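This report describes how the parts of a protein model fit together. Please keep the sequence and the structure in view while reading.

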There are 2 protein chains.
Amino acid sequence: MVLLRAHLGEALRRARQEQGRTLRQVSADAAVSLGYLSEVERGQKEPSSELLSAICMALDLPLSRVLTEVAQSVLVAEPTRLTVVGVGGVASNAAKDIVDAA
Amino acid sequence: MVLLRAHLGEALRRARQEQGRTLRQVSADAAVSLGYLSEVERGQKEPSSELLSAICMALDLPLSRVLTEVAQSVLVAEPTRLTVVGVGGVASNAAKDIVDAA
């Protein structure tokens with residue numbers, strides 16, 4: 001199961017590290033405890049929407065950009081789904097062969 | 001302040017309604033209570049990552065797609081930021097004029 005908080009935490013940590021800032025600096029700017037921010041970054045805590053906004057503001061990063069990054073990393077992590085195109089004849093037989101072979 | 005849960009709730013509600021399904025149907029498929037799903041859709045409850053995944057699965061909607069939609073609606077809701085380009089001369093005077101005129 002793909003968990004949002006894990007991908008969100010990674011994106012926030014990456015942004016902070018790219019800025020060369022410490023947990024201490026960002027947690028102070030966001031007015032959250034250092035331990036809390038650390039747990040959020042490690043995907044161990046679900047941040048409330050209010051605290052997520054505060055962290056984004058402390059990172060000077062629009063929430064929309066964080067979410068776009070998270071959407072991309074979630075997309076990579078999601079299981080690929082096999083879609084069978086066509087409902088008869090060659091296409092469905094070919095698809096059946098693929099499924100049988102798997 | 002832009003709140004993730006409000007935009008997330010709207011996206012989930014929109015997806016459910018586009019499928020012509022009721023709160024009762026989706027909550028049963030996701031194994032969450034009807035009241036809980038209703039609160040999530042109205043942006044009154046922060047869904048845990050596990051329950052968000054369950055709701056997405058019940059809607060047969062990849063989490064990545066939900067997040068992409070949410071990123072776009074958050075982008076529209078975010079306050080536009082005026083960035084002053086240039087630190088002196090014509091550019092900064094022009095920027096100052098814009099700020100003064102606002």
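To compare copies of a chain, the copies are superposed by least squares on the C-alpha atoms of residues with pLDDT of at least 70 in both. The model examined here is predicted. With this procedure, a turn of 180 degrees and a shift of 0.0 Å along the axis lay chain A on chain B with an RMSD of 0.0 Å. The two copies are thus related as by a two-fold rotation axis. Both copies use the same surface, since 100% of the contact residues of chain A recur in chain B.

## The fold of chain A

Chain A contains six helices and zero strands. Read from the N terminus, its elements follow the order α-α-α-α-α-α. Of its 102 residues, 40% count as buried. A residue is called buried when its relative accessible area is under 20%. The area that chain A exposes is about 5900 Å², and carbon and sulfur atoms supply 57% of it. Contacts also join parts of chain A that are separated in sequence: among contacts with a separation of 6 or more, 62% are between residues 24 or more positions apart.

## The nonpolar core

In soluble globular proteins, nonpolar side chains tend to be buried together. In this model, the largest nonpolar core has 52 residues. Which residues have the most contacts inside this core? They are A:Leu12 and B:Leu12. Apart from its neighbours within four places in sequence, B:Leu12 is in contact with B:Val40, B:Glu41, B:Leu52, B:Ile55, B:Cys56, B:Leu59 and B:Val66.

Several of these partners belong to helix α4 of chain B, whose buried residues include B:Leu52, B:Ile55 and B:Cys56. This helix spans residues 49–58 and is mostly covered, as seven of its 10 residues are buried. Also buried in α4 of chain B are B:Ser49, B:Ser53, B:Ala54 and B:Ala58. Against which helices do the buried residues of α4 of chain B pack? Within chain B, they pack against α1 (4–18), α2 (23–30), α3 (34–41) and α5 (63–77), and from the other chain they meet α1 (4–18) of chain A. Just after α4 of chain B, B:Asp60 takes a positive phi of about 55 degrees.

## The interface

The size of an interface is often given as the accessible area lost when the parts come together. Chain A and chain B bury about 2100 Å² between them, and 58% of this area is on carbon and sulfur atoms. Within the share that chain A buries against chain B, A:Leu4, A:Ser49 and A:Leu67 supply 25%, more than any other three residues. The contact takes 24 residues from chain A and 24 residues from chain B. Across the interface, two salt bridges are found.

## Salt bridges

Over all chains, the structure holds 14 salt bridges. The table lists some examples.

| Nitrogen side | Oxygen side | N to O distance |
|---|---|---|
| A:Arg5 | A:Glu46 | 2.5 Å |
| A:Arg5 | B:Glu50 | 2.7 Å |
| A:Arg14 | A:Glu69 | 3.5 Å |

The salt bridge of A:Arg5 with A:Glu46 lies within chain A. A:Arg5 is in helix α1 of chain A, whereas A:Glu46 is in the loop between α3 (34–41) and α4 (49–58) of chain A, so the pair ties together parts that are 41 residues apart in sequence. At 14% relative accessibility, A:Arg5 counts as buried. A:Glu46, at 31%, counts as partly exposed.

The pair of A:Arg5 and B:Glu50 crosses between chains, from helix α1 of chain A to helix α4 of chain B. B:Glu50 is partly exposed, with a relative accessible area of 32%. A:Arg5, A:Glu46 and B:Glu50 are linked in a network of salt bridges.

Why does the salt bridge of A:Arg14 and A:Glu69 tie together parts that are apart in sequence? A:Arg14 lies in helix α1 of chain A and A:Glu69 in helix α5 (residues 63–77) of chain A, so the pair joins parts that are 55 residues apart in sequence. A:Arg14 is partly exposed, with a relative accessible area of 35%. A:Glu69 is likewise partly exposed, at 30%.

Notes. Residues numbered from 1 in each chain as written. Chains lettered and ligands numbered in written order. Predicted model: local features only at pLDDT ≥ 70, side-chain atom pairs only at ≥ 80, totals over all residues. Heavy atoms only, no water. Buried < 20%, exposed > 50% of the residue type's maximum accessible area, 1.4 Å probe, protein only. Helix = DSSP H or I, 4+ residues; strand = E, 2+ residues; numbered from the N terminus. Contact = heavy atoms within 4.5 Å. Areas by Shrake-Rupley, 256 points an atom, 1.4 Å probe, with all protein chains shown as cover. Core = buried A, V, L, I, M, F, W, Y, C linked by side-chain atoms within 4.5 Å. Buried area = accessible area lost by both parts, 1.4 Å probe. Salt bridge = Lys/Arg side-chain N within 4 Å of Asp/Glu carboxyl O.
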